[in-house]
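Open the model in your viewer and keep the selection box handy. We'll hop from stop to stop, and at each one you'll hear what to select and what is there.

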Amino acid sequence: MTGEVENGRDDMVIDEPQAESMRINAVPDGFNPNYLKVYYGKLFPHADIFRWMSYGTDGKHPGCDQSFFGRREFSFTLDNDIYLRFQSFNSASDMENAIKEKCPFKIDIGPVYSVDPAKRHAYAQAGDNVFTPVERELVFDIDMTDYDDVRYCCSGADVCLDCWPLMTIAIKVLDASLRDDFGFNHILWVFSGRRGVHCWVCDAKARRLNNEQRAAVAEYFRVYKGNENSQKKVSLMGQALHPFLARSYTNVLKDFFERKLLSSQQLLSEERYEKILDMIPDEGITSELRGKWQDNRRSSMAKEDINVFRWDQLKHLLQSGKQKAPGVRRCVEEIVFSHAYPRIDMEVSKHMNHLLKAPFCVHPKTGRVCVPIDPDRCEEFDPTNVPTLSKLLGEINMGLRTEGDEWDATSLGQSVRYFRSSFLQPLLKSCKEEIESSFIAKKEQSRNSLTW
Amino acid sequence: MEIVRSQTKASGPGVIPTIPLYRCAPALEVRLEDFEVFAIDRLRVLKGISDGLSRGKKSDEMEKLVTHFWKSNMKHPISSEVTNKDIISHFVLRLVYCRTEEFRKWFLSIETTLFRYRFQLQTSDVQRALMAEFELPYKAVGNVEYEGLKDKLTQVARSIGQSLPSGNAVFYKVPFEEVPELVATRKVYIQKGHAYVAMNQVVSLVVTQFRSHLSKALVLTNRKWTSMIREKESDRLTPIVEALATSYLGPDYSQPKEFAEISLKDIDQVAKSSFPLCMRHLFEKLREDHHLKHGGRMQLGLFLKGVGLPLDDALVFWKSEFSRKVGTERFDKEYAYGIRHNYGKEGKRVDYTPYSCQKIISSTPGVGDHHGCPYRHFSEENLRAALGKMGVSSRALEDVIDKARNKHYQLACTLTFEAVHNSSCDAGVNHPNQYFSDSQSILKGG
């Protein structure tokens, strides 16, 4: 029995969107440094990245810290894995020229240091701790390979529309908590180019968290404790779920698990249901379910998906009034959490000086651009339909450009527009307000100290 | 804090019912002897806590341990002096441990732990008084807000298996970043950036304050130390402070135990069976290169003295190696003095003590040096090879590597001991000479 996904997106045939006309102007597939040069020359939104990384300090206000952008570490990965760390730039044109000239396969963004990272050696002699990270976005990295024990459609670097919902879940769960629990507003989600997503939390408060505080936020999100030798990877203790987990479960996890993952991953098919039964700590229940499922192998109703049907049976048994042990009642939630709850790469979030790939880079293996994802519409995001370098170059070659920016007429256009209007503009507005108010506060303070 | 040599009695401000927060150095007069003795007493407490933490003791065990160490070391015959001793010893050690990044980190972490457990042991009245003293700007959540959040707060309490908040429960509304440990373990309800901290959780709030205050203070003290105090006190406090930093508080290994006495003819055999890796490595390098640089000669030389190699034998031993490289004449001229010096036969005639693990771990071997602690100073690859040579089985080896990776160097050494001797070592390894004597008593006893 094949799992029918009632999902509008599935009608669309993947890899067909290129129209005939495109094919004529098509650029050979794949990634190549010459394409990249054109991409950096005509499409990469240098100015927007600069304005983002300046956080309003590039303005004319006397409260602007003009050294701010110049203390940010950028890191370039060139052809042949040549790695240039601690690059820094004094201006937008400085950065743009360096990118165009070096044509990096990958651009990573690091923290803002206390001093210009390119001159760190000069400060090293001055004594301890002069060169130290002082600001950095709170970042999260979610990679599909961390889900390899619960996805069966692909493994390793591959993703498809059957497993991508795991990323959609991660975005929904984390985005809601970052906003509602932690009170952050300026959050950017980015496709990592192949098999995962990155998240940049850019509120001033987030940028100034120390390592311990970053680790605390990351730990708050951690439910899954990986260990190859333990059967249960999610243990939900206590009489109740923490409000954050309870909310994630009812608003996101339960629905995605039952509506999508159960059938798309065939979680209760003949070959796989034992793994789920293993998570139930009650022999009586597991043998009862096993008995039912061995019998109804053939007789199951053709209309309903067998995974969904069996899940209902399992839930019915586990959550019926007869079950007293909390460990058994909690089991349904544990199964859902194990298969659907986000798994973040803790190390990336914990330290200020961890590097993360910049948005709008091109993934060298897939040729796909790391485009932003709108969390409010993340269900519509299709990783297999993200513009590739060759597609974009084809679009440029068609010469659709009328006036204005080159990217505007390409399929990158909507990504850049989203970045600007939904992320950058509100961010810069609040940065300006903060610069203004801290400037006034400082003036106030110095006036007071004078009278003293 | 005024330091005087005379016999003046410290003028205490009377009995304070709370525990001190060490916000600023008190205007007390301290006798020079007390300066050192108080500091050593407190150091024993801090060392005890540090050992407990590195052995991964749980929170309730730590509570007992802290109480025990505090009671047995921080008493004072005059009851009104107890608080003064607490304050003075803290500020002296602040001076001792402000001088390097590593010292500051250790001191900060252990003093904060100490404060946490002491705070928890106070009554809630005292806790409230301490919170007031910190001048925390947080207000208790008002009734209206509380009613609106009651369900969520109850849910959190149930999720961590705590009793439900009662009608008059007090919660504080604080920015989430002030209570990272409560956030990390999901022990608080968080909404729009604010964490709702229950009265029985305020310890983390206070600890965060304590830590950040002490952390800043240590940096400032260091600046004052380097710019002023070190110079000004060069013949009075500076030597005490510098000695305290490397002081070792375990049993004295400067006098060899009788059974431990070794003679030159068994030294190779004994090195193989009973030397800890740091000494074994130095010993092998000496045999191989017929030379060791100063740091290595000190570390190995004093250790050998501690295990009972008499001075005459030591001279023969070092000479037999060094002379092959530098010749007999140069050995007598340049190196023999140092060996006699170690044994207290030259110069200041101080009978030097063998290095403790702490001292070895905090040493900084440079190019061509072989001393230091292998668990800390070796690359993982080299450590693996060295352990393999000692005959550590591959399973135990992974555990050792894991401990070393997590910076538990003494635990790594303890595990090595246990693997090599196939016997447990409950006390842990704190001194190379202790490693040696424990090893010998197992080998000779069994």
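## Stop 1: a threonine in chain B

Select Thr83(B): this residue is buried, with a relative accessible area of 16% (buried means under 20% relative accessible area, exposed over 50%, and partly exposed in between, using a 1.4 Å probe and protein chains only). Thr83(B) sits in helix α3 of chain B, residues 82–96. Helices here are DSSP runs of H or I with at least four residues, strands are runs of E with at least two, and both are numbered from the N terminus. Now add Pro20(B) to the selection and draw a C-alpha to C-alpha distance: the two are 63 residues apart in sequence, yet the gap in space is 7.6 Å.

A quick word on ground rules before moving on. This is a predicted model, where local features need pLDDT of at least 70, side-chain atom pairs count only at pLDDT 80 or more, and totals for chains, interfaces and linings use all residues. Residues are numbered from 1 along each chain as its sequence is written, chains are lettered from A and ligands numbered from 1 in the order in which they are written, and side-chain values use heavy atoms, with hydrogens and water left out.

## Stop 2: all of chain B

Zoom out and select chain B. You should find 20 helices and five strands. The C-alpha trace spans about 90 × 60 × 40 Å along its principal axes. Of the 446 residues in chain B, 48% count as buried.

Try a surface next: chain B has an accessible surface of about 21900 Å², and 51% of that belongs to carbon and sulfur atoms (areas come from the Shrake-Rupley method with a 1.4 Å probe; for residues, only the protein chains shown count as cover). Colour by charge and there are 63 positive and 53 negative side chains in chain B, with the centres of the two sets 3 Å apart. For that tally, Lys and Arg are positive, Asp and Glu are negative, and His and the chain ends are left out; each charge is placed at NZ of Lys, CZ of Arg, CG of Asp or CD of Glu.

As for contacts (heavy atoms within 4.5 Å), residues 24 or more positions apart account for 69% of those in chain B with a separation of 6 or more.

## Stop 3: two crossing helices in chain B

Select residues 277–289 and 380–390 of chain B, which are helices α11 and α17. At what angle do their axes cross? Roughly 90 degrees, and the axes come within 12 Å. Axes are lines fitted to C-alpha atoms, for helices over the stretch in contact, and angles run from 0 to 180 degrees between N-to-C directions. So α11(B) and α17(B) are roughly perpendicular to each other (65 to 115 degrees; under 35 is roughly parallel, over 145 roughly antiparallel, and the rest oblique).

Show side chains to see who meets whom: Leu277(B), Arg280(B) and Glu284(B) of α11(B) touch Leu383(B), Ala386(B), Leu387(B), Lys389(B) and Met390(B) of α17(B).

## Stop 4: two lysines with positive phi

Go to Lys192(B), in the loop between β4 (189–191) and β5 (194–198) of chain B. Lys192(B) is not a glycine, but its phi is positive, at about 45 degrees. This lysine counts as exposed, at 51% relative accessibility.

Next, pick Lys407(B), in the loop between α18 (394–405) and α19 (409–421) of chain B. Here phi is about 70 degrees, again in a residue that is not a glycine. Is Lys407(B) buried or exposed? Exposed, at 60% relative accessibility.

## Stop 5: over to chain A

Select chain A, with 17 helices and nine strands. Buried residues make up 53% of its 452 residues. Chain A exposes about 20800 Å², of which carbon and sulfur atoms supply 48%.

Now pick helices α9 (residues 243–264) and α14 (residues 331–340) of chain A, which pack at about 75 degrees with axes 10 Å apart. That makes α9(A) roughly perpendicular to α14(A). Residues making the contact include Leu253(A), Phe257(A) and Leu261(A) of α9(A), and Ile335(A), His339(A) and Ala340(A) of α14(A).

Centre on Tyr249(A), found in α9 of chain A. This tyrosine is buried, at 9% relative accessible area. Leaving out residues up to four places away in sequence, Tyr249(A) touches Lys254(A), Val332(A), Glu333(A), Val336(A) and Phe337(A).

## Last stop: a buried lysine

Finish at Lys391(A), in helix α16 (residues 389–397) of chain A. At 18% relative accessibility, Lys391(A) counts as buried. Add Ala409(A): 18 residues separate the pair in sequence, and their C-alpha atoms are 12 Å apart.
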